[in-house]
Amino acid sequence: MTFHAPIEIDAQSLRSEIIRHLNYSLGKDETHASLHDWRMSLSLALRDLVVAPWFASTRKVYEARAKRVYYLSMEFLIGRLVEDIAINLRVEDVAREAMASLGQDYAAVVADEPDAALGNGGLGRLAACFLDSLSTLQIPAYGYGIRYEHGLFEQHFEDGRQIETAEGWLTQRHAWEFERPEVAYEIGFGGYVSESGGKAAWHPGETVIASAYDTPIIGWKGRWANTLRLWAAKPTRLFDLESFNRGDYMAASAPETLARTISRVLYPDDTTDTGKELRLKQEYFFTAASIQDLLRRFLSEGNALAELPQHVAIQLNDTHPAIAGPELVRLLADVHGLPMAEAIATARGCLAYTNHTLLPEALERWPEALFAQILPRHHRIIELIEDAHLAATGGPVRIIEDGSVKMGELAFVMAHRVNGVSALHTGLVKQTVFRDLHQAYPERIVNQTNGITPRRWLYSCNRPLSGLIDRSIGTEWPDDLEQLGRLSPLADDGAFREAFRAAKQANKERLAAWLKARDGITLDTAAMFDIQIKRIHEYKRQLMNLLETVALWNAIRDNPNGDWTPRIKIFAGKAAPGYFVAKEIIHLINDVARTINADPAARGLLQIVYPANYNVSMAEYLVPAADLSEQISTAGKEASGTGNMKFALNGALTIGTLDGANVEIRERVGAENFYLFGLTAEEVTARRAEPDFARHAIEASPTLRRVLEQIAGGAFSPDEPRRYAGLVHRLHDHDYFLVSCDFDSYYETQRRIDADYRDTGDWTRRAILNTSNAGWFSSDRTIAGYAEDIWNVGRAPRR
Ligand code: GPU
């Protein structure tokens, strides 16, 4: 396969293109253009540059009749695209210059773009990094998902409490997408199944239209572009004219409203299954549209159905699209006439499933009655799949059990490969959730440790450091990230260390300036930036971090003349709107922050900052500015983590447990350059079985006891002294995530960090070794692993 030539454009020509779009796409002249107009014009001009490589890539795939990868995901947490696309096209300097020549501040223009927040957290961001790597590796691929009208809610704080409001990225035109009204499929729900002559047919009771919107995804150096195809739900029947003529205007638009509801909003639950009927409809909606679309493409190339697995790899991002199995079987058997056994085997040859969690509350199960009502034919097909599976294995694992359809078991049985997302997690998948299935199908489970795209998460978000790296080892590292290893010898070079430290300092100042402008907060950039950013969840233990913060504050007040290492504790993240405990933790963080930040004894020594509305763009400010990365989940609970990788890559040291990919990060960056603490996954299980383990731990720790007494006694909520009594009480009897047991080890490790951080030269040396050894965590490596072990697709050589 050949590649698309590099994009050649100078600032003068790009400037003309921007003005052309301003005039003819937006209908504005230069004197009346707003920031939004400039941003749209720049985006449309850049989008034009993507089109040629996009066409060329598509043409090559059709010509070669190459195998394609279909990545099915409920979430794509993409963030902003202007800068990303300019960088991948290698025209970011040209774009900056063109905007400057038009009197526009490039950074402000870039920041005007709303984040595409079509995801909750790690799972959705992983999908976005994978799209970037698939294009960079020139693997023919489509991302398939839902074009939510409202992405993840916006978070505000009122008196320290989280308030959610609807997100509205599509109230403006989305610059990057192409609407494809001609690509539309009818998606059915409900109804009944008829059988005659051994043939089954589903007659849905209601239907909606899935309508496609395509966004080109350009890879590094513009060599290749794949497509992200998102489905929007539209009514089959536009408008009920009869009702309108009767004067019933509400009823007249009811079909439209009902249909559009399906793609209206992203469910805001991260690693929890809410079991809502609309969610099941969303899952079937986008999965069925995607399967119909890929089958149509396959058949249009004149292939025989038996060859489907040689042409199609379908990756299920968790169980959300697990209905793909029965849907593909239905199309192969009911519509195309394959015998049932052959349909199942063919579908399995195409399908693979990624598991992202062991948390029981996240494992999707649908009430069988609801499932059978919405998807009656699929219900029956699942029974047939289960029969075949039971006949092959002799049990004991069922897919439908105790009145529930278990989507994990369904995905597993219908996949030829199942993967976990870190070495530790994959091991636990084999030993716990899928123990029996692993015994029945011992070849099926493989590991693919997660990764992150170095284009966004180093090159673009950290220009001070990526510039330094370019000058030190050349410019080939962004798509061959293990080249960063060549920085290791420089860890001992005084001048390089100084330059590395200066880059970190520049990032801290950039963050400080941004927060000042946004929230009016002042940060002392000489302090250590200690950052925990992720969804708020009990297992991630933001609470433990906060308890340690209070303990440090106590220590400072006990000894105000001590030689303390100044720290800024930064928290950011959203809680699911229905997750009461997580919201209580947010409230407590804000209450503690208010108290400590107002205490003169803490001034210059300890500050807590919790900027509202964490998203991808905020992470792009925070990650490069971190000195210390908090990865402190209860061992065995975080499947992988990807934030942990972003921080290490950007030269933060980690304080972390032996959980998820922390284990592999520590192995690679070196144990001396990673602050390990806490119980192991095995120890966690053992400790939890001990009676009163939390009470014992609290009794044994005067430091922790004091903190808990303060919180329970209202030291941080004087207006409502008992506000956190329940939270503290629960920690004594229901400390499922072992905050109490790991506290002392965590606190002591933090004090070691205080001491180590003061040796700036040595800290910087170890930070460099984090960056230089984090190259393996590129999502290019992860995607190459999927291509080899799961999809059986080739990747083009690097150029
Ligand atoms: N994860 Br399940 C999510 O972000 N959302 C989910 O619904 C589920 C998992 C995360 C894991 O918690 C995290 O450890 C992992 O790094 C990430 O998926 C990507 O694999």
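How many Å separate the centres of domain 1 and domain 2, taken over C-alpha atoms? In this predicted model, the separation of the two centres is 35 Å. The domain assignment of the protein chain builds domain 1 from the segments 65–80, 115–450 and 783–791, while domain 2 is given as 525–777.

The interface of these two domains is a useful place to begin. Contact between them involves 37 residues of domain 1 and 37 residues of domain 2, and about 2,800 Å² of area is buried between the two, with carbon and sulfur atoms giving 57% of that figure. On the side of domain 1, the residues that lose the most area to domain 2 are Q155, F157 and L424, which together account for 19% of what that side buries.

The polar part of this interface can be followed in the same way. The count of salt bridges between domain 1 and domain 2 is 1, and a salt bridge is found where the side chains of K583 and E164 meet, with an N to O distance of 2.7 Å. Across the interface of domain 1 and domain 2, the rule finds 16 residue pairs in polar contact, counting pairs in which both residues are at pLDDT 80 or more. The elements that give two or more residues to the side of domain 1 that touches domain 2 are the strands β2 (76–79), β5 (154–158) and β6 (161–165), together with the helices α6 (122–136) and α16 (423–431). Sorted by class, that side of domain 1 holds 13 nonpolar, 14 polar and 10 charged residues.

From the interface we turn to the salt bridges of the whole model, for which the count comes to 56 by the rule applied here. One of them is formed by the side chains of D112 and R39, at an N to O distance of 3.0 Å. Because D112 lies in the loop between α5 (106–111) and β3 (116–118), whereas R39 lies in helix α2 (residues 35–64), this pair ties together parts that are 73 residues apart in sequence. The partners fall into separate accessibility classes: D112 has a relative accessibility of 22% and therefore counts as partly exposed, while R39, at 2% relative accessibility, counts as buried.

A second salt bridge reaches across a long stretch of sequence, with R455 and D132 having their closest N and O atoms 2.8 Å apart. R455 lies in helix α18 (residues 454–460) and D132 in helix α6, so the pair ties together parts that are 323 residues apart in sequence. Here R455 is buried, and D132 is buried as well.

What is the N to O distance at which the side chains of D627 and K508 meet in a salt bridge? For this pair the value is 2.7 Å. D627 sits in the loop between α23 (616–625) and β22 (628–631), and K508 belongs to helix α20 (residues 494–519), so their salt bridge ties together parts that are 119 residues apart in sequence. D627 counts as buried because its relative accessibility is 4%, and K508 is buried too, with a relative accessible area of 2%. Elsewhere, salt bridges that share partners join D530, E548, R567, K569, E630, R751 and D754 into one network.

Helix α23, whose end leads into the loop that carries D627, is mostly covered, since 10 of its 10 residues are buried. Among these buried residues are V616, M618, E620, Y621 and L622.

Two single residues complete the tour. E584 is found in helix α22 (residues 580–597), where it is buried, with a relative accessible area of 11%. When neighbours within four places in sequence are left aside, the contacts of E584 are R723, Y724, L727 and R730. L26, by contrast, is found in the loop between α1 (11–24) and α2, and L26 is partly exposed, with a relative accessible area of 23%. Again leaving aside neighbours within four places in sequence, L26 is in contact with H21, D37, M40 and S41. The C-alpha atoms of L26 and L332, which are 306 residues apart along the chain, are separated by 46 Å.

Note on methods: Residues numbered from 1 in each chain as written. Predicted model: local features only at pLDDT ≥ 70, side-chain atom pairs only at ≥ 80, totals over all residues. Heavy atoms only, no water. Domains from an automatic or database assignment. Contact = heavy atoms within 4.5 Å. Buried area = accessible area lost by both parts, 1.4 Å probe. Salt bridge = Lys/Arg side-chain N within 4 Å of Asp/Glu carboxyl O. Polar contact = N/O pair within 3.5 Å; in protein donor to acceptor, adjacent residues only side chain to side chain. Helix = DSSP H or I, 4+ residues; strand = E, 2+ residues; numbered from the N terminus. Nonpolar A, V, L, I, M, F, W, Y, C, P; charged D, E, K, R; others polar. Buried < 20%, exposed > 50% of the residue type's maximum accessible area, 1.4 Å probe, protein only.
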